[in-house]
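Got the viewer open? Let's take a short tour, one selection at a time.

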Amino acid sequence: DMKTDLNLLLECLKYQMDCPVSQKEALITIYSICQQNSEASEYFREIGGLMFINDLAKSSVHCIVKEAALFTLGVIIESNVYCQQTLCTSALFEDLILFLINKDSGVNLKRMSVYVILVLVSNNSNGQTYVRDTGCIGLLLQLFRTTLSASKMNLSDENANQCYQLWSSVCSTLCACVNNPQNEDNQNICCSVFPYAKEWLESCTEPGIVRPICSFVGLTVANNSYVQKYFVSVGGLDTLAKVLIKLMHDSCMSHSSTKLAVVVTKTLDACIANDSAVGVVLTKYHTVSELLKLLSNDTLDTGEKISIILTIGHCTEVCEENQCELLQNNGLPLMIQVLTESQDEELIKAATFVLQNCKQMTEQLSLKINGNSLNMNNAEELDTQVRKRSLQDYWKKAKEILHRINLIEKEHDEERVQGRVFVDRSSEDNTEASKYHEANPADPKTYIERTHKEVHCPQLTSKSDNQVLPPSVNSSPLKNEIVNTLNPVNASTRQSEQSNIPCSVNELRTDSVFQSHSINKKTTCVQNQSILQWIFFLPNLDQHLFYSDITREEKSTSATSASHKMADLRCIGCTAVGLSFNSKTFTKMLQSCPYQCDRHKVILEAEERYKKELRKSAVCNNNRYATYE
């Protein structure tokens with residue numbers, strides 16, 4: 001019986017004061033019973049065992065008893081919140097400070113003392129206050145600076161390894177002091193060691209050093225603009241960018257370097273999430289291109305991809321240089337590929353966030369380049385004009401894609417409505433035929449509905465105004481909503497609040513839940529993905545393949561007997577399967593056809609509107625160039 005065992009063990013502790021070995025064994029047995037057992041820990045507190053071990057840790061002259069007593073206290077506090085509240089007093093923090101500053105205290109005793117501080121402040125605002133008011137946090141920061149030496153770090157050596165374990169425990173405790181709940185006062189104090197953290201990152205890229213420091217930095221800067229600016233002022237953001245470059249170079253040879261690069265990326269995101277303007281610091285290190293390379297790695301899981309795309313989004317939110325770098329490194333088709341191929345809602349929203357940031361480039365990029373070209377020589381001007389023309393063409397293609405998606409979705413909705421009416425009318429005349437339609441898996445209507453259920457492609461159009469492009473990034477309600485919800489540390493804070501286990505030092509959790517109305521997944525279609533792949537990833541295919549796909553889709557949805565009787569009156573675009581056409585000849589052929597189907601009418605109307613927009617754009621450009629001249 002658990003209660004009987006705890007009573008006997010407590011009596012053993014009381015009557016074995018002259019035998020430290022027996023006391024240590026009794027303490028080990030107690031924490032093995034109470035570990036992750038809230039009921040046992042609560043009962044041990046009720047019988048007075050918790051306070052007895054607390055007094056034993058202070059009064060015993062034997063080091064092994066002190067260490068075992070402190071560790072047992074930590075296990076019981078971690079297992080039961082009432083035990084945490086009972087021992088969370090300024091007196092206990094002061095006793096722990098004495099253990100840490102005592103010259104006779106060994107490294108292991110200091111480590112046990114730091115562990116008790118960790119469990120006292122984890123998920124406990126009162127503990128965070130006591131650790132600051134008693135000056136304990138200042139002592140922890142001193143241990144962070146002095147415990148470990150980069151020049152003498154050799155983890156194979158036993159003494160060096162014990163010092164590293166103490167330093168790692170200090171990092172974990174500092175993380176708990178500033179996070180869950182967030183404590184701005186403690187954040188402002190802890191930022192004083194940022195220069196030391198920066199030196200560590202510059203001198204060592206070992207995972208055992210980089211992970212704890214990145215966790216500490218990421219949680220300390222979270223939602224604190226003052227601390228974020230200070231970290232940038234001491235060169236911390238530059239150092240993180242350099243570490244990322246080095247890890248990306250090493251990632252070609254090491255899988256662990258790739259995972260470590262993701263950790264650094266999450267820390268970068270925490271530093272710029274609340275103030276994207278500081279992202280301009282990263283332009284000289286080409287951080288966006290490095291992040292795109294990292295995103296292309298096949299070993300990443302969905303959570304890691306979300307973190308990387310979020311970081312790209314915050315880098316490109318207000319920085320035009322980073323936006324240009326995203327476009328020049330084929331970031332746009334990569335984001336659209338994520339939209340079309342991924343089924344993860346958060347990943348889709350993260351990619352949409354990046355696309356919204358870059359939308360403003362369509363209006364600003366041309367003017368910027370034209371203005372800068374006036375001060376360049378002829379060779380530079382020619383190169384700039386070529387790049388400008390390339391970017392403009394790229395954005396026009398993106399607009400055309402989104403416009404076509406919008407038209408096809410509308411037509412697809414109309415076909416579904418018409419299909420329902422047709423089935424209803426048919427069922428009135430022939431009930432046996434309707435039963436056949438319901439039972440036959442090859443029935444076109446059944447196939448269409450099953451396709452809608454199985455294939456999901458995100459919708460990129462705005463239903464409010466029937467426009468093609470996503471909502472403007474300058475729209476303040478949407479922008480504020482995205483900025484407030486894409487903070488990588490908010491999610492980790494919410495997640496940690498649901499658990500009594502302290503935040504791990506080896507991982508900065510940045511999984512985020514986004515809120516955006518730019519993606520509507522209610523309407524899904526197969527055509528969206530085929531169009532995007534045709535435009536962005538199969539540029540050398542002849543255009544008639546696209547129309548052939550549409551023709552086959554239309555054939556699969558036309559299952560009425562009347563269609564066979566009207567074969568001579570069908571649209572010539574639907575019957576010209578297997579013939580070789582290009583965009584010009586196919587358009588002329590459609591224009592000459594007197595029996596155009598609704599689908600090809602929409603295509604012709606879309607092309608006509610697109611040509612009008614091109615003519616207007618050409619006129620505007622000519623006027624602008626004339627003004628500059």
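Start by selecting cysteine 83 and cysteine 34, and show their sulfurs. This is a predicted model, and in it the cysteine 83 sulfur has its closest cysteine sulfur in cysteine 34, at 7.9 Å, which is too far for a bond. A disulfide would need the two sulfur atoms within 2.5 Å. While you're there, turn on a surface: cysteine 83 is buried, with a relative accessible area of 0%.

Next, pick cysteine 190 and cysteine 177. How far from cysteine 190 is the nearest cysteine sulfur? That sulfur belongs to cysteine 177 and sits 6.2 Å away, and cysteine 190 is in no disulfide. Cysteine 190 also counts as buried, at 0% relative accessibility. Feel free to stop hunting for S–S bonds here, since a search of the whole structure turns up zero disulfides.

Now switch to cartoon and select residues 194-203, helix α13, along with residues 236-250, helix α16. The two helices pack with their axes 10 Å apart, at an angle of about 20°. Angles under 35 degrees count as roughly parallel, so that label fits α13 and α16. Look at how they cross, too: α13 passes α16 in a left-handed crossing.

Last stop: show side chains where these helices touch. Which residues of α13 meet α16? On the α13 side, pick Lys198, Leu201 and Glu202; their partners in α16 are Gly236, Thr239, Leu240 and Val243. Color this contact by residue class and you get three nonpolar, two polar and two charged residues.

Note on methods: Residues numbered from 1 in each chain as written. Predicted model: local features only at pLDDT ≥ 70, side-chain atom pairs only at ≥ 80, totals over all residues. Heavy atoms only, no water. Axes fitted to C-alpha atoms, helices over the stretch in contact; angles between N-to-C directions. Helix = DSSP H or I, 4+ residues; strand = E, 2+ residues; numbered from the N terminus. Parallel < 35°, antiparallel > 145°, perpendicular 65-115°, else oblique. Left-handed = near helix turned anticlockwise from the far one by under 90°. Contact = heavy atoms within 4.5 Å. Nonpolar A, V, L, I, M, F, W, Y, C, P; charged D, E, K, R; others polar. Buried < 20%, exposed > 50% of the residue type's maximum accessible area, 1.4 Å probe, protein only.
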